[in-house]
Amino acid sequence: MDRLALILSIIGSLNWGLIGIFGFDLVGWLFNGQGSVVSRIVFTLVGLAGLWCISLLFRSREEIVETGDR
């Protein structure tokens with residue numbers, strides 16, 4: 001779950017970087033606009049992944065390494 005959350009957070013940050021630098025929304029472009037159902041699902045999943053990643057801040061390094069081995 002941690003890796004999936006990290007991957008989705010990276011996708012979201014790259015998309016925001018593209019929006020900030022070039023004014024280009026890659027997710028919206030790929031899925032027919034920001035308002036499309038698929039785009040909204042992707043944005044929701046990225047947001048939930050970001051919330052999940054907050055838990056990484058409060059875990060010890062050993063705990064993260066142990067759960068990553070499973």
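A polar contact is a pair of N or O atoms within 3.5 Å; within protein, one of the two must be able to donate a hydrogen and the other to accept it, and residues adjacent in sequence count only if both atoms are side-chain atoms. This is a predicted model, in which local features need pLDDT of at least 70 and side-chain atom pairs count only at pLDDT 80 or more, while totals for chains, interfaces and linings use all residues. Residues are numbered from 1 along each chain as its sequence is written, and side-chain values use heavy atoms, with hydrogens and water left out.

**Stop 1: the loop before helix 3**

Select Ser36, in the loop between helix 2 (26–30) and helix 3 (37–57). Helices here are DSSP runs (H or I, at least four residues), numbered from the N terminus. The side chain of Ser36 reaches the backbone oxygen of Phe31 at 2.6 Å. Ser36 counts as buried because its relative accessibility is 18%. Buried means under 20% relative accessible area, exposed over 50%, and partly exposed in between (1.4 Å probe, protein chains only).

Now select Asn32, which lies in the loop between helix 2 and helix 3. Asn32 is not a glycine, yet its phi is positive, at about 65°. With 73% relative accessibility, Asn32 counts as exposed.

**Stop 2: Ser39**

Move on to Ser39, in helix 3. Is Ser39 buried or exposed? Its relative accessibility is 0%, so Ser39 counts as buried. Show the side chain of Ser39 and two polar links appear: one reaches the backbone oxygen of Gly33 at 2.8 Å, and the other is a polar contact with the side chain of Ser36 at 3.1 Å.

Which residues are in contact with Ser39, once its neighbours within four places in sequence are left aside? They are Val27, Gly28, Phe31, Gly33 and Gln34. Contact means heavy atoms within 4.5 Å.

**Stop 3: the largest nonpolar core**

Select Ala5, Leu8, Val27, Val42, Val46, Ala49 and Cys53 together; these seven residues make up the largest nonpolar core. Helix 1 (2–22) and helix 3 each supply at least two residues of this core. The largest share comes from helix 3, with four residues. A nonpolar core is a set of buried Ala, Val, Leu, Ile, Met, Phe, Trp, Tyr and Cys residues joined through side-chain atoms within 4.5 Å.

Two members of the core can be picked out in turn. Leaving aside neighbours within four places in sequence, Cys53 is in contact with Ala5, Leu6 and Ser9. Val46 is found in helix 3 and, at 18% relative accessibility, counts as buried. With the same neighbours left aside, Val46 is in contact with Leu8 and Gly12. Draw a line between the C-alpha atoms of Val46 and Gly12: these residues are 34 apart along the chain, and the atoms are separated by 5.9 Å.

**Stop 4: the second largest pocket**

Rolling a probe the size of a water molecule over the atoms shows where empty space is left. On a 1 Å grid over the protein atoms alone, a pocket is an open set of points with protein on both sides within 12 Å along at least five of seven lines, and lining residues have an atom within 4 Å of a point.

To show the lining of the second largest pocket, select Ile11, Gly12, Asn15, Trp16, Ile19, Asp25, Val27, Gln34, Val42, Phe43, Val46 and Gly47. Helix 1 and helix 3 are the elements that give two or more residues to this lining. Which element gives the most to the lining of the second largest pocket? Helix 1 does, with five residues.

About 160 Å³ of space lies in the second largest pocket. That volume is the space filled by probe spheres set on the points, which are joined across faces, edges and corners. Colour the lining by class to find seven nonpolar, four polar and one charged residues. Here Ala, Val, Leu, Ile, Met, Phe, Trp, Tyr, Cys and Pro count as nonpolar, Asp, Glu, Lys and Arg as charged, and the others, Gly among them, as polar.

**Stop 5: three distances**

Select Leu45, in helix 3. Leu45 counts as partly exposed, at 42% relative accessibility. The C-alpha atoms of Leu45 and Gly35 are separated by 15 Å, with their positions 10 residues apart along the chain counted as the separation.

Next take Arg3, in helix 1, which counts as exposed at 65% relative accessibility. Arg3 and Ala49 are 46 residues apart along the chain, and their C-alpha atoms are separated by 9.7 Å.

End at Met1, in the segment before helix 1. Met1 counts as exposed, at 65% relative accessibility. From Met1 to Gln34, 33 residues apart along the chain, the C-alpha atoms are separated by 26 Å.

Note on methods
On a 1 Å grid over the protein atoms alone, a cavity is a set of points where a 1.4 Å probe fits but cannot get out, and a pocket is an open set with protein on both sides within 12 Å along at least five of seven lines; lining residues have an atom within 4 Å of a point.
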